[in-house]
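Please take a look at the fold below. This report walks through its helix packing, its sheet and its salt bridges.

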Amino acid sequence: MDDITDKLPSGFEVGRLGIRHSRRFWFSTLALTEGGTPDRLTEYHLDRVLLDCLGVGLHQAIQYLLSNTPSFELFEQWVVDIAGEPDPDQVMRFNMEYEHLSPCAEYSYRAEKNPDNAILTHSDMQFWHENGYIRISDLIDPALIMNACGAVWQAAGASPADNASWYLGSRSGIMIGLIQHPALEAIRRSPMIHRVFSELWDTGHLWASADRCSFHPPQTSIHAFQGPDLHWDVDVNHTVSLFTQGLVYLTDTPAEQGALTLVPGFHHRFQDWINDRGLNPQIDLEELHAQGSIPIAGKAGDLIIWHHWLPHGSRPNLGNLPRVVQYLNMYPMHLDYGDKAAMQQGQ
């Protein structure tokens with residue numbers, strides 16, 4: 001709606017927290033409650049970076065705004081209440097990158113200058129380019145994994161010794177809305193995880209996502225598999241050529257234990273698949289699985305990263321124990337939306 005778009009605050013307007021884009025995000029999200037759809041074609045990624053900088057989940061923030069329709073001042077206070085005062089250095093970094101200034105030197109990445117220091121081998125990179133995913137082990141202190149796993153069990157209200165408790169509590173499928181927790185933050189701050197993402201992105205100027213977790217108990221005759229089955233977390237008609245997604249297994253996860261399921265190599269076929277189906281293509285799960293879906297087994301502490309064009313999802317947990325996962329991603333602020341987005345913006 002043009003009138004809504006005309007009223008959008010500038011991205012440079014700030015409140016008490018002093019961070020760019022925050023008032024613009026608040027306004028445009030609340031506009032949805034009045035049927036407004038501001039024209040912000042390539043800004044949703046900036047929303048994500050803003051909230052990750054603040055330590056708040058995207059779904060978490062949108063749900064709060066749409067449910068409470070708060071003033072901007074109350075929105076900022078809510079951020080502080082659940083995530084604490086933002087790190088001034090991170091706010092400064094966000095503002096600099098938002099203004100397209102040079103990122104702070106402390107975030108620079110030079111492993112490409114010294115291949116001997118790289119974590120990913122030439123074979124790893126070949127596998128990544130061919131298959132669109134990679135699994136790396138032994139990056140994280142096992143004690144950190146144990147702490148994070150315990151935090152998810154507690155948030156799920158479940159006990160490893162009480163099978164019945166695995167199915168209690170209010171959850172959205174397998175998802176657990178646990179984000180602001182020191183055990184999860186410790187993993188997000190892992191320099192080794194940052195290093196792997198840096199090698200894939202070929203830059204160290206990355207933001208760590210404030211993501212949720214999942215708790216996926218075994219399927220039973222009463223508790224059937226709730227999904228999500230194969231899907232994409234993108235608007236398939238408006239996407240960038242490269243974006244990553246990732247998770248850390250917090251438990252040993254054999255293939256049959258509801259392991260992450262991907263269609264390797266589909267990123268090479270994604271654009272043709274979409275073009276053949278036109279706008280708003282219906283996802284045919286049987287067809288996608290027939291493209292070669294496989295479960296990705298792993299051990300506690302394994303990091304799995306995949307290209308966002310790969311169909312991905314969970315699968316029925318046919319094992320004896322729950323699968324516990326922390327979702328985690330790292331990415332740069334500025335992405336290449338390509339000619340399609342530029343044409344839609346009239347550029």
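Helix H2 passes helix H5 in a right-handed crossing. This comes from a predicted model.

## Two crossing helices

Two packed helices are described by the angle between their axes and the distance between the axes. For H2 and H5 (residues 72-83), the angle is about 110° and the axes lie 10 Å apart. H2 and H5 are therefore roughly perpendicular to each other, since angles of 65 to 115 degrees count as such.

Which residues make the contact between H2 and H5? From H2 come Ser22, Arg23, Phe25 and Trp26. From H5 come Phe72, Glu73 and Phe75.

## A salt bridge from H2

Arg24 also belongs to helix H2 (22-31). The side chain of Arg24 forms a salt bridge with that of Glu43, with N and O 2.8 Å apart. Where does Glu43 lie? Glu43 sits in the loop between H2 and helix H3 (44-54), so this pair ties together parts that are 19 residues apart in sequence.

Are the two partners buried or exposed? Glu43 has a relative accessible area of 14%, so it counts as buried, the cut-off being under 20%. Arg24 is buried too, with a relative accessible area of 14%.

## The sheet

Now turn to the strands. Six of them form an open sheet. Their order is E1-E8-E5-E10-E4-E2, and the pairing is antiparallel. Which strands stand at the edges? They are E1 (133-136) and E2 (175-176). Each has a single partner strand, so one side of each is left without a neighbour in the sheet.

Look next at strands E5 (residues 244-249) and E10 (residues 323-327). These two run antiparallel and are joined by three bridges. Tyr249 has Val325 in E10 as its bridge partner.

Helices pack on this sheet as well. Helix H10 (residues 191-201) touches E1, E5 and E8. The direction of H10 makes about 20° with that of E8. Helix H7 (residues 122-131) lies across E1, E5 and strand E8 (303-307). H7 runs at about 140° to E1.

## Salt bridges within helices

How many salt bridges does the model hold? The count comes to 10. Two of them are set out here, each with its N to O distance.

| Pair | Helix | N to O distance |
|---|---|---|
| Glu185 and Arg188 | H9 (residues 182-188) | 3.0 Å |
| Arg195 and Glu199 | H10 | 3.6 Å |

Take the H9 pair. Glu185 and Arg188 are three residues apart, about one turn of the helix. Glu185 is partly exposed, at 29% relative accessibility. Arg188 is buried, at 7%.

The other pair belongs to H10, the helix that packs on the sheet. Arg195 and Glu199 are four residues apart, so about one helical turn separates them. How accessible is each partner? Arg195 has a relative accessible area of 23% and is partly exposed. Glu199 is buried, at 10% relative accessibility.

Salt bridges can also share partners. Glu185, Arg188 and Arg189 are joined in this way into one network.

## Recap

H2 crosses H5, and Arg24 in H2 takes part in a salt bridge with Glu43. The sheet has six strands, with H10 packed on it. H10 also holds the pair Arg195 and Glu199.

Methods. Residues are numbered from 1 along each chain as its sequence is written. This is a predicted model: local features need pLDDT of at least 70, side-chain atom pairs count only at pLDDT 80 or more; totals for chains, interfaces and linings use all residues. Side-chain values use heavy atoms; hydrogens and water are left out. Two strands pair if DSSP finds at least two bridges between them. Contact means heavy atoms within 4.5 Å. Axes are lines fitted to C-alpha atoms, for helices over the stretch in contact, and angles run from 0 to 180 degrees between N-to-C directions. A salt bridge is a side-chain nitrogen of Lys or Arg within 4 Å of a carboxyl oxygen of Asp or Glu. Buried means under 20% relative accessible area, exposed over 50%, partly exposed in between (1.4 Å probe, protein chains only). Angles under 35 degrees count as roughly parallel, over 145 as roughly antiparallel, 65 to 115 as roughly perpendicular and the rest as oblique. A crossing is left-handed if the near helix is turned anticlockwise from the far one by less than a right angle, and right-handed if clockwise.
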